[in-house]
Amino acid sequence: MATDLLYLRDAELRSFDAVVLDVDADGRRVALDRTAFYATGGGQPHDTGTLAGLPVVDVRKEGEHVWHTLAGDGPLPSAGDEVHGELDWERRHALMRTHSALHVLCGVIWHEWRVPVTGGNMEPLSARMDFELDPTPENFGPRVEELVNAELAADRPIEVTFLPRAEAVLDEDLIRTKVSLVPDSVPEIRVVDIVGLDKQADGGTHVRSTGEVGRVRVVKTESKGKGNKRIRIEVVDA
Ligand SMILES: [Zn+2]
């Protein structure tokens with residue numbers, strides 16, 4: 001039985017009850033039938049919080065199971081036990097704001113310079129993203145910051161939908177943002193749509209509108225070799 005990833009449909013869920021499917025005593029890890037803890041992936045780090053009263057320090061998806069690593073030396077729950085999970089919501093919400101900010105950045109860079117993103121990474125309220133851009137446009141950092149903050153202030157809705165694969169692969173925006181990289185075995189594509197700005201196949205958690213992100217500061221722009229520009233951002237309150 002696969003772990004039901006509750007956060008894919010409800011990013012606002014902060015606590016949940018689940019049944020333990022499997023226990024890895026040596027690794028102090030448990031697999032659950034359902035979880036609201038985000039497992040590291042797609043550039044977004046895992047959530048933290050508590051499960052069965054123990055601190056959750058790592059969350060990983062392996063095959064169809066999500067494994068939660070539990071700190072402390074308290075006894076682990078057993079297979080079949082019902083357990084309660086609580087997210088560290090401050091961290092998760094910061095990651096949601098940051099992840100949505102990066103999609104706004106992708107959309108802005110595409111609309112202004114028509115270049116794709118080549119990589120990225122995020123921590124709560126800070127992130128970097130690389131673009132296939134050469135040479136560096138004049139006044140690049142301040143210009144990016146101005147464009148991104150205009151889109152955040154516009155408070156665009158961010159919608160999560162699920163599309164059959166056959167339909168998703170025909171969508172121009174999804175083709176541009178590499179829907180083709182989603183494995184063939186996935187029958188339904190999860191789409192994160194910042195309405196009117198950026199649409200991507202994505203498994204991350206996002207805020208409900210760009211206004212909820214706050215504001216973005218471009219802290220640094222760097223050239224990482226020919227045709228690769230790196231932008232570092234911070235997310236701050238509006
Ligand atoms: Zn994303």
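**Exercise 1. Find the volume of the second largest pocket, then describe its lining.**

Solution. The second largest pocket has a volume of about 180 Å³. Its lining counts 13 residues, and Arg9, Ala11, Val160, His206 and Arg208 sit closest to the centre. A pocket here is an open set of points on a 1 Å grid over the protein atoms alone, where a 1.4 Å probe fits, with protein on both sides within 12 Å along at least five of seven lines; lining residues have an atom within 4 Å of a point. The volume is the space filled by probe spheres set on the points, which are joined across faces, edges and corners. Next, the source of the lining: strand 11 (residues 158–164) gives the most, three residues. Strands (E, at least two residues) and helices (H or I, at least four) are DSSP runs numbered from the N terminus. By class, seven lining residues are nonpolar, one is polar and five are charged. Nonpolar covers Ala, Val, Leu, Ile, Met, Phe, Trp, Tyr, Cys and Pro; charged covers Asp, Glu, Lys and Arg; the others, Gly among them, are polar.

The model is predicted: local features need pLDDT of at least 70 and side-chain atom pairs pLDDT 80 or more, while totals for chains, interfaces and linings use all residues. Numbering runs from 1 along each chain as its sequence is written, and side-chain values use heavy atoms, without hydrogens and water.

**Exercise 2. Which strand supplies the largest share of the lining of the largest pocket?**

Solution. Start with the volume: about 1200 Å³. The lining of this largest pocket holds 46 residues, with Gly42, Ala201, Asp202, Gly203 and Gly204 nearest the centre. Elements that each supply at least two residues include helix 1 (89–113) and strand 12 (188–194). Strand 9 gives the largest share, six residues. The classes are 21 nonpolar, 16 polar and nine charged.

**Exercise 3. How many salt bridges does a search of the whole structure find?**

Solution. The search finds 19. Each needs a side-chain nitrogen of Lys or Arg within 4 Å of a carboxyl oxygen of Asp or Glu.

**Exercise 4. Are aspartate 171 and lysine 199 buried or exposed?**

Solution. First, the contact: their side chains form a salt bridge, 2.8 Å from N to O. Aspartate 171 lies in the loop between helix 3 (165–168) and helix 4 (172–176), and lysine 199 in strand 13, so the pair ties together parts 28 residues apart in sequence. Both aspartate 171 and lysine 199 are buried, meaning under 20% relative accessible area (exposed is over 50%, partly exposed in between; 1.4 Å probe, protein chains only).
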